[in-house]
Structures are given as C-alpha cells and as structure tokens.
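Thank you all for coming. I would like to walk you slowly through one structure, so please look at the picture as I talk.

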Amino acid sequence: MTQTTELSGAPEQGEQPDRPPRRALPRLPHRAWSVAAIAFVTIIGAAGFASLPGLLIDPLHDEFGWSRGTIGFAVSVNLALYGLTAPFAAALMDRFGIRKVIAAALAVIATGGGLTVFMTEPWQLILCWGVLVGLGSGSMALAFAATVTNRWFVAQRGLVTGILTAGGASGQLIFLPLLSWIVERHDWRPAAMTVAIAALAIVPLVWLLLRDYPSDVGLAPYGADGPPTPRPAPRHGAARRAVKALASASRTGTFWLLAGTFAICGASTNGLVKTHFVPAAHDHGMPVTAAASLLAVIGVFDIIGTVASGWFTDRFDARRLLAMYYALRGLSLMFLPVLLADAVHPPMIFFIVFYGLDWVATVPPTMALCREQYGEDSAIVFGWVLASHQVGAGVVAFVGGVARDAFGSYDLVWYGAGALCAIAALMSLVIRRGPNAQTAAATA
C-alpha cells in the first residue's frame with residue numbers, strides 16, 4: 001500500500017489557486033472639490049465681461065465721439081451694480097438655490113453683452129453694459145464664492161476662498177489677450193459677442209453639475225465631523241434678510257472699517273487699473289495688445305498671490321495681512337507714472353509682477369474677518385462689503401475718465417490711489433477680532 005503525501009498548500013479539487021489580494025480602489029476626492037471646480041470655471045467665464053471695458057474706451061471714443069467720462073460712467077454703473085447686487089444674490093441663493101441664481105445671471109449678462117453690438121447712443125451703453133451686465137455679474141460676484149465656501153467646506157476655507165477668487169484672474173489671463181487681439185483686428189463688436197457666447201456656454205455646466213448643499217448628495221461638508229446635516233428650508237424674504245443683515249452689521253465699527261478698506265481696494269484695482277491701465281499705457285505710445293498682455297500677466301501672478309493669501313489667512317492674523325497688502329499696493333501705484341512708456345521695460349515687468357501678487361490678495365482675509373464677526377450671515381455681510389468695493393471702483397472708473405479728459409493724463413489719479421491705499425493699511429490695523437475668531441481659526 002502506497003501512502004501519498006499531499007503537498008502543503010496545494011489547492012483542492014474545485015478550489016481556485018491563491019491570487020494576490022485585490023488592490024483597494026483609490027478614494028475619490030470629496031464632492032466639495034468638484035463643486036469648487038465648477039464654481040471656478042463659472043467665475044472664469046464671468047471674468048470675460050470684467051476684462052472688456054478697459055479695451056472699449058478708445059474704440060468707443062473713436063467711433064461714436066463719446067467722452068471718456070461718459071464711457072467711464074457706464075463702467076461705473078456696471079461696477080456699482082455688480083457690488084450692490086451681491087448681498088441680495090447671496091440671499092436669493094438661500095431662497096432658490098445656487099445653480100438657479102447663477103444660471104439666470106449668466107443668461108442676463110450674455111443678453112446685455114450681446115445687445116451692446118446694436119447700440120448707437122450712450123444711454124444704450126449704460127443700459128446694456130451698465131445695468132444688465134452689472135446686475136447679472138453682481139449675482140456671480142465674490143458672494144457666490146463665499147456661499148460655496150461656507151456651505152461645502154469646514155476645513156481649508158481660506159485656501160478655497162483664494163482659489164475661487166483667483167478664478168477672476170484666470171479669466172483675465174484667458175480673455176484679455178484674445179479680446180485685445182479681436183478688438184485690434186476685427187473691431188470691438190466681435191469681442192463683445194465672444195464674451196456673451198462664453199457666458200451662455202457655461203449655463204449647461206452649472207445646471208447639470210453644480211449642487212446647492214452637501215446633503216443633496218448625501219455628504220457632510222469637507223472637513224466636518226459627523227453625518228450629513230439636512231438641507232435647510234428655503235429662506236423667504238431674500239431682500240428683507242439682506243437689508244436686515246446690513247442693519248445689524250452696520251451697528252458695528254468693524255463693518256465700516258471693512259467696507260472702507262474694501263472700497264479703496266476696488267478703487268485701486270477694478271476702478272483704476274483694470275479700467276484705465278490700457279488707455280493710460282496707450283497714451284504713452286504702447287500698443288493696445290502689449291498693454292492688455294501686461295494686464296493678463298497681472299492675472300498670472302494674481303492667481304499665485306490670491307491662493308497664497310488664502311493659505312496665509314488660515315495661519316496668520318487677517319488684519320495684519322490686510323495692512324501689509326494695502327501698504328505694498330499703495331507704494332507700487334506711486335511709482336507707476338514714471339514707469340509707463342511706449343514699450344515694455346524691465347521696471348514695468350517688476351511692477352506687473354509685484355502688483356499682480358497683491359491684486360485681490362485682500363479678499364481671503366476680508367472674507368475671514370466677515371466670517372469671524374458675523375457667523376452664518378457672513379456671506380450676505382460680505383456681499384455688502386463687496387458692494388462698497390464696487391462703489392469705490394465705480395467712482396474711480398468715472399473720476400479717472402474725467403481726470404484724463406480734464407488734465408490729459410492719469411498721473412494725479414495714480415498718486416491719489418496710492419495715498420488711499422496707505423489710509424486703508426492704517427484702517428486695517430484697528431479692526432477688532434470677532435466673537436467667532438477662535439472657531440474660525442480652529443476650522444480653517
């Protein structure tokens with residue numbers, strides 16, 4: 001009788017041989033990041049409208065004979081409504097949802113921008129570009145970024161704020177060189193239609209992929225502990241809530257300091273540089289495409305500076321960051337009049353890089369201070385602070401055009417903006433920390 005020995009580890013009949021263990025599938029990123037990405041793309045599309053006014057001043061002046069002050073007034077209406085719409089848009093997002101408000105806003109700004117190609121009178125520019133585009137773009141302002149950040153993120157809020165804010169700079173980087181080339185080669189009307197079509201193209205993306213709350217997809221906000229919280233009931237009375245938030249915030253000194261500093265921020269960026277840099281450089285003999293390309297380069301470094309500012313805001317005192325940003329911006333504007341020339345020289349490149357890093361680096365710390373002070377109403381309060389930003393921008397867009405008509409130069413406006421930035425730096429240092437400061441720091 002022969003005894004057979006079964007080999008150790010040999011598979012029995014019908015048993016599959018051992019296989020290496022399956023690799024665990026990599027975990028997908030939290031849905032909050034895809035929502036932030038869609039918001040980023042939406043803000044890029046809206047940036048096309050913000051990029052165009054500075055390119056239209058000379059063509060409209062040459063074709064229709066309108067003064068730069070008249071054109072600047074239309075831009076100032078646009079900028080002011082952009083800001084004044086923001087707090088009501090934030091409240092409307094609580095009432096109807098983010099994607100409905102943003103899709104409607106994109107349709108409105110595309111309509112207003114498209115209608116400008118048929119205008120023949122200044123009031124039509126004010127109506128189409130000033131009112132319609134201003135109202136629509138205001139609904140997609142930084143209050144949109146604040147709403148997305150507050151709803152979808154608990155951790156990394158400063159970083160996400162910086163990334164979303166940089167969307168405007170990214171749009172500037174994409175659209176400015178293209179639009180300046182179109183204006184120079186094919187007139188301003190095709191440029192206006194280009195940004196209108198770009199806005200309409202984003203509507204399906206927003207409608208299909210954007211979600212209002214993490215609980216809509218069964219998730220908690222990124223960085224939150226515990227199960228998903230139910231979707232809150234729609235808040236009725238959006239206008240009343242926006243006004244009530246303003247009335248409550250306006251009783252605090254912090255609100256007026258934030259509003260004042262942010263008004264100076266808007267005056268020294270959107271109102272002055274974004275609107276008047278290209279015509280000012282053209283006054284010195286620089287080609288429009290070269291000046292627009294410099295603004296686009298500001299957009300490159302704006303992305304770096306804003307994201308870095310969001311990172312800094314998660315780690316350092318927001319008030320001191322604001323003071324430093326405003327002081328450096330004011331210093332750079334004081335030097336600009338002597339740097340403008342008929343060609344791009346190294347000192348101008350240095351200004352563009354330096355100024356670009358500081359362009360909207362003020363947004364993350366300003367938003368953080370609103371969050372610290374005003375809690376769940378912070379997005380609406382920030383909308384009102386943003387309104388002051390755009391009112392400041394609108395005033396300087398108009399004053400800059402009038403000054404150019406009166407003095408034949410923008411020099412006084414550059415120096416005045418530099419002095420205002422110095423005042424904003426001092427105002428930032430006297431802002432008090434809010435009651436939610438420790439909570440905000442812990443969750444950042």
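**A nonpolar patch and a one-sided helix**

Let me start on the surface, where helix α15 gives 5 residues, the largest share, to a nonpolar patch. Please keep in mind that what you see is a predicted model. The patch covers about 530 Å², and its members are F73, L84, V391, V395, F398, V399 and V402. The elements that supply two or more of these residues are α3, which runs over 68-96, and α15, which runs over 378-407. If we pick out V399, which is found in helix α15, we see a relative accessibility of 41%, so V399 counts as partly exposed.

Stepping back to the chain as a whole, there are 17 helices and 0 strands, and buried residues make up 54% of the 444 residues. The chain exposes about 19400 Å², with carbon and sulfur atoms supplying 65% of that area.

Now for a second helix, α16, which spans residues 411-429 and reaches 29 Å from its first C-alpha to its last, close to the 27 Å expected. Which residues of α16 are buried? They are V413, W414, A417, G418, C421, A424, A425 and S428. These residues cover an arc of only 140° around the axis, which puts them on the same side of α16. As a general reminder, an α-helix has 3.6 residues a turn, so residues three or four places apart point the same way. The buried residues of α16 pack against α10, α12 and α15, whereas L412 and L426 are exposed on the other side of α16.

Conventions:
Residues are numbered from 1 along each chain as its sequence is written. This is a predicted model: local features need pLDDT of at least 70, side-chain atom pairs count only at pLDDT 80 or more; totals for chains, interfaces and linings use all residues. Side-chain values use heavy atoms; hydrogens and water are left out. Patches are made of residues with over 30% relative accessible area and no salt bridge: like charges are joined within 9 Å, nonpolar side chains (Val, Leu, Ile, Met, Phe, Trp, Tyr) within 5 Å. Accessible areas come from the Shrake-Rupley method with a 1.4 Å probe; for residues, only the protein chains shown count as cover. A salt bridge is a side-chain nitrogen of Lys or Arg within 4 Å of a carboxyl oxygen of Asp or Glu. Helices (H or I, at least four residues) and strands (E, at least two) are DSSP runs, numbered from the N terminus. Buried means under 20% relative accessible area, exposed over 50%, partly exposed in between (1.4 Å probe, protein chains only). The expected span of a helix is 1.5 Å times one less than its number of residues. The arc is that of the directions from the helix axis to the C-beta atoms. Contact means heavy atoms within 4.5 Å.
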